[in-house]
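Please open the structure in your viewer and keep the selection tool at hand. This tour goes from stop to stop, saying at each one what to select and what is there.

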Amino acid sequence: MVEVTMLGIAQDGGRPQAGCTRPCCADLSADEAAYPVALGITDGEHHHLIEATRFLSQQLSIWGQSSIDSVLLTHAHFGHVDGLGLFGRETMNARGLSLHVSSEMEHLIDRTPQWALMIDQGVFEPHTFHDRDEIQLSPNVTVQPIRVPHRDELSDMHAFVVRGPNRALLFLPDHDTWEETLARHNASSIRSWLTSLKVDIALVDGTFWSSDELAGRNQDKVPHPPVSQTLEMLGPRTEGDPALYFIHLNHTNPLYDSNSEASAELSRSGWSVAVQGQRFAL
């Protein structure tokens, strides 16, 4: 059986977030903590990780795995790559670990001394993918990178469609706006795009509930489509829709509070927030 495990649901900074003393982060219990987004994929024999976060140890514990066959990266932003060094000689001492990245991300790795050294040392064996490639991870698992617009100061951004023998899952932790993403893929709506991808499960960017969460900061500098806008575009879930879960939640997002009005509105819509440790059979 192919199974995907949700190893984190938080935005890059995690929850609680460093430097935050507001109620959203203060005095959280251990079970209220959330790690940055990452996925574990297993087919029983092979184990593949999407995103490498600094909480790798805790996430491997959630997953129940100690060995990994490959790592795939969506893009170069902080919380998605800051755990790469943990595979090196100082910690896991991995050897020949397949690292699947876009050509732009590979160029960044070549220009980053620490990562380039790990390539030279044989920790990683890089494999370059392009938009719409089919990455065969194992006989029962393929991953298709889907280019989406997102801040590209360091590299481009790819969502991933993970396909197992029976079902497919979209992993879309980041993108700038639905308008840009849908236009890039010539889709008239979120539903029509998901239909064209032939996915049964969609894990989508839910960073902010609304733009009001960024007090004192310019929303344009950290663009993500607010969950409230996504719900407005989708409307209520109907028969035949894929199961859609919001991920990559900023520490300020009221969806962390199951008693919030935002959570109640989400529940009424029929859509959901992913849960850390949640498993999806593909």
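Begin by selecting Cys24, which counts as buried because its relative accessibility is 18%, under the 20% that marks the limit for a buried residue. Keep in mind throughout that this is a predicted model. Now add Cys20 to the selection, since its sulfur is the nearest cysteine sulfur to that of Cys24, at 3.7 Å, and Cys24 is in no disulfide. Select Cys25 as well, which at 5% relative accessibility is also counted as buried. Why does Cys25 form no bond with Cys20, the residue that holds the closest cysteine sulfur? The two sulfurs are 3.3 Å apart, which is too far for a bond, because a disulfide needs the pair of sulfur atoms to be within 2.5 Å. If you extend the search to the whole structure, the number of disulfides found is 0.

Next, select Arg15 and Pro16 and look at the peptide bond that joins them, which is cis, with an omega of about 5 degrees. Pro16 sits in the loop that runs between β1 (3-8) and β2 (38-42). Most peptide bonds are trans, and most residues other than glycine have a negative phi.

From there, go to His100, which you will find in strand β5. Is His100 buried or exposed? His100 is buried, its relative accessible area being 12%. To see what surrounds it, show the residues that His100 touches beyond four places away in sequence, namely Ser70, Val71, Leu72, Leu73, His127, Phe129, Ile135 and Leu137.

Strand β5 also leads to the next stop, as β5 (97-102) is among the elements that cover the buried residues of α3, together with α2 (78-81) and α4 (113-120). Select helix α3, residues 103-111, and colour Met105, Leu108 and Ile109, which are buried. These residues lie on the same side of α3, because they cover an arc of only 100 degrees around the axis. Turn the helix to its other side, and there you will find Asp110 and Arg111, which are exposed. An α-helix has 3.6 residues a turn, so residues three or four places apart point the same way.

The same kind of view can be set up for helix α6, residues 190-197, by selecting Ile190, Trp193, Leu194 and Leu197, which are buried. Looking down the axis of α6, you should see that these buried residues fall within an arc of 95 degrees, so they line one face of the helix.

Stay with α6 and look at the loops that adjoin it. Asn186, in the loop between α5 (178-184) and α6, has a phi near 50 degrees, which is a positive value in a residue other than glycine, and Asn186 is exposed, with a relative accessible area of 75%. Just after α6 comes Lys198, where phi is again positive, at about 60 degrees. Lys198 belongs to the loop between α6 and β11 (201-205), and its 65% relative accessibility makes it count as exposed.

Now turn to the largest nonpolar core, which has 58 residues, and select the members that touch the most others: Leu169, Leu170, Phe171, Trp193, Leu203 and Phe246. Apart from this core lies another one, of 25 residues, which includes Ala52, Leu60, Val71 and Leu99. Going back to Phe246, show its contacts beyond four places in sequence, among them Val204, Val227, Leu231, Leu266, Trp271, Val273 and Ala274.

The last region to display is the second largest pocket, whose volume is about 280 Å³. Of the 19 residues that line this pocket, select those closest to its centre, which are Ile9, Leu255, Tyr256, Val273 and Ala274. Two elements give two or more residues to the lining, α8 (261-269) and β13 (272-273), and the largest share, 3 residues, comes from α8.

Finish in helix α8 by selecting Ala262, which is buried, with a relative accessible area of 7%. Leaving aside neighbours within four places in sequence, Ala262 is in contact with Trp209, Pro254 and Leu255. As a closing exercise, draw a distance from the C-alpha of Ala262 to that of Ser188: the two residues are 74 residues apart in sequence and 26 Å apart in space.

How values were computed
Residues are numbered from 1 along each chain as its sequence is written. This is a predicted model: local features need pLDDT of at least 70, side-chain atom pairs count only at pLDDT 80 or more; totals for chains, interfaces and linings use all residues. Side-chain values use heavy atoms; hydrogens and water are left out. A nonpolar core is a set of buried Ala, Val, Leu, Ile, Met, Phe, Trp, Tyr and Cys residues joined through side-chain atoms within 4.5 Å. Buried means under 20% relative accessible area, exposed over 50%, partly exposed in between (1.4 Å probe, protein chains only). Contact means heavy atoms within 4.5 Å. Helices (H or I, at least four residues) and strands (E, at least two) are DSSP runs, numbered from the N terminus. The arc is that of the directions from the helix axis to the C-beta atoms. On a 1 Å grid over the protein atoms alone, a cavity is a set of points where a 1.4 Å probe fits but cannot get out, and a pocket is an open set with protein on both sides within 12 Å along at least five of seven lines; lining residues have an atom within 4 Å of a point. Grid points are joined across faces, edges and corners, and a volume is the space filled by probe spheres set on the points.
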